[in-house]
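Open the model in your viewer and keep the sequence panel beside it. The stops below say what to select next and what is there.

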Amino acid sequence: MSFEKKIAKLDKGDVNYYVLGEGSPVLYLHGAGGLLKSKAHEMLSTKHRLYMPITPGYDGTDFINNVDSMSKLADLTADFIASEIGDRCDVIGHSFGGWHGCWLAVNHPDKVELLVLEAPAGFRPDGKGGLDYPPDELMRRLMAYPEKRPKDDRPMEMIKCNRDNIRLHYHGGMPLDEELVARLGEIRSSTLLVYGTLETIVPIETCRILKEAIPRIYFNYIYDAAHTIEVDQPERFVGIVGDFLERGEAFLVNNGLT
């Protein structure tokens with residue numbers, strides 16, 4: 001399978017994106033390092049059509065005028081769904097993308113069916129965790145098994161710029177989005193929160209905040225994974241996430257009993 005690159009011509013501006021696979025639509029929202037196409041995406045694409053937009057400003061793309069907050073970014077993404085997918089869809093958000101996905105589910109509940117949050121950023125009380133580490137240490141915290149990282153043609157300078165500068169355009173570096181926390185109870189979607197047992201960038205307090213606030217949320221640890229779960233443990237990630245996407249809340253029941 002190959003990732004097909006497209007451009008969405010939206011009223012607010014152009015959004016570059018990739019699509020892969022066939023089946024029910026799934027929107028994937030990338031993390032602060034930009035879009036890293038992974039084995040997990042390929043595995044999910046055997047049953048789903050993945051839509052993977054590049055957040056404006058990331059990976060060498062242009063910003064869009066007046067899209068300068070997480071809430072406005074979510075509004076842009078709702079326009080993307082309407083234009084390119086055409087109906088509500090399941091959403092997976094990793095880290096920055098999980099923060100983005102929560103805003104999308106709050107602002108546009110009609111656009112989000114199931115919501116998957118993979119170590120979501122934006123909910124770090126007292127500034128715990130984060131990305132502010134020397135490069136070598138940051139890499140160890142991002143991935144327990146960096147040797148599993150897929151081939152990436154993007155220059156390291158671009159990835160570093162994504163993490164250090166571009167993300168600040170949307171949230172100014174705030175560790176805890178209190179406005180969003182106050183609205184998490186508005187999320188109607190069944191939500192799956194996945195968290196690696198070796199996670200240190202997103203503190204465990206994030207999980208407590210989300211579990212207490214989102215009405216229909218299910219929490220799963222993924223063993224032997226750091227922040228980028230889908231790279232460290234693609235099979236485990238796709239096992240639990242794929243089952244949730246296919247069966248919704250029934251994923252809690254063992255397949256052998258249904």
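The radius of gyration used here is taken over C-alpha atoms, and the globule rule is 2.2 Å times the number of residues to the power 0.38. Keep in mind throughout that this is a predicted model.

**The whole chain**

Start with everything shown as a cartoon. For 258 residues, the rule puts a compact globule near 18 Å; the protein has 17 Å, so the two agree. Along the principal axes, the C-alpha atoms fill a box of roughly 50 × 40 × 40 Å.

Colour by secondary structure next. You should find 10 helices and 8 strands. Now look at how the chain meets itself. Take contacts between residues at least 6 apart in sequence: 76% of them join residues at least 24 apart.

Switch to a surface. The accessible area is about 11200 Å², and carbon and sulfur atoms account for 48% of that. Of the 258 residues, 55% count as buried.

Colour by charge. There are 29 positive and 39 negative side chains. Where are the centres of the two sets? They lie 2 Å apart.

**Leu27, in strand β3**

Go back to the cartoon and select residues 24-29. This is strand β3, and Leu27 is in it. Leu27 has 0% relative accessibility, which is under the 20% cut-off, so Leu27 counts as buried.

What does Leu27 touch, beyond its neighbours within four places in sequence? Show side chains for Tyr51, Pro53, Thr77, Phe80 and Ile81, then for Cys89, Asp90, Val91, Ile92 and Leu104. Leu27 is in contact with each of these.

For a distance check, pick the C-alpha atoms of Leu27 and Lys151. They are 22 Å apart in space and 124 residues apart in sequence.

**The cysteines**

Stay with Cys89, one of the contacts of Leu27. Cys89 is buried, at 1% relative accessibility. Why is Cys89 not bonded to Cys102, which holds the closest cysteine sulfur? The two sulfurs are 15 Å apart, too far for a bond. A disulfide needs a pair of cysteine sulfur atoms within 2.5 Å. By this rule the count is 0 disulfides.

Cys207 is in no disulfide either. For Cys207, too, the nearest cysteine sulfur is that of Cys102, at 12 Å. Cys207 is buried, with a relative accessible area of 2%.

**Phe123, in the loop between β6 and α4**

From Cys207, move to Phe123. The C-alpha atoms of this pair are separated by 8.5 Å, with their positions 84 residues apart along the chain. Phe123 lies in the loop between β6 and α4. Is this loop residue buried or exposed? Phe123 is buried, with a relative accessible area of 0%.

Show what surrounds the ring. Leaving aside neighbours within four places, the contacts of Phe123 include Cys102, Pro175, Leu176, Leu180 and Val181. Leu184, Thr206, Ile209 and Leu210 are also among them.

**Two positive phi angles**

Stay in that loop and select Asp126, between β6 (112-118) and α4 (135-142). Asp126 is not a glycine, yet its phi is positive, at about 60°. The residue is exposed, with a relative accessible area of 76%.

Now jump to Asp224, in the loop between β8 (217-222) and α9 (229-232). Its phi is also positive, near 65°. Asp224 counts as buried, at 19% relative accessibility; the cut-off is under 20%.

**His171, in helix α6**

Select residues 168-171 for helix α6, which holds His171. At 10% relative accessibility, His171 counts as buried. Show Met70, Phe96 and Trp99 with it: His171 is in contact with them, leaving aside its neighbours within four places in sequence.

**Pro234, in helix α10**

Finish at residues 234-247. This is helix α10, and Pro234 is in it. Pro234 is buried, with a relative accessible area of 6%.

Which residues does Pro234 touch, not counting those up to four places away in sequence? They are Lys39, Ala40, Met43 and Ile229. Pick Ala40 for a last distance. Its C-alpha atom and that of Pro234 are separated by 5.0 Å, although the two residues are 194 apart along the chain.

Note on methods: Residues numbered from 1 in each chain as written. Predicted model: local features only at pLDDT ≥ 70, side-chain atom pairs only at ≥ 80, totals over all residues. Heavy atoms only, no water. Helix = DSSP H or I, 4+ residues; strand = E, 2+ residues; numbered from the N terminus. Buried < 20%, exposed > 50% of the residue type's maximum accessible area, 1.4 Å probe, protein only. Contact = heavy atoms within 4.5 Å. Areas by Shrake-Rupley, 256 points an atom, 1.4 Å probe, with all protein chains shown as cover. Lys, Arg positive; Asp, Glu negative; His and termini not counted. Charge placed at Lys NZ, Arg CZ, Asp CG, Glu CD.
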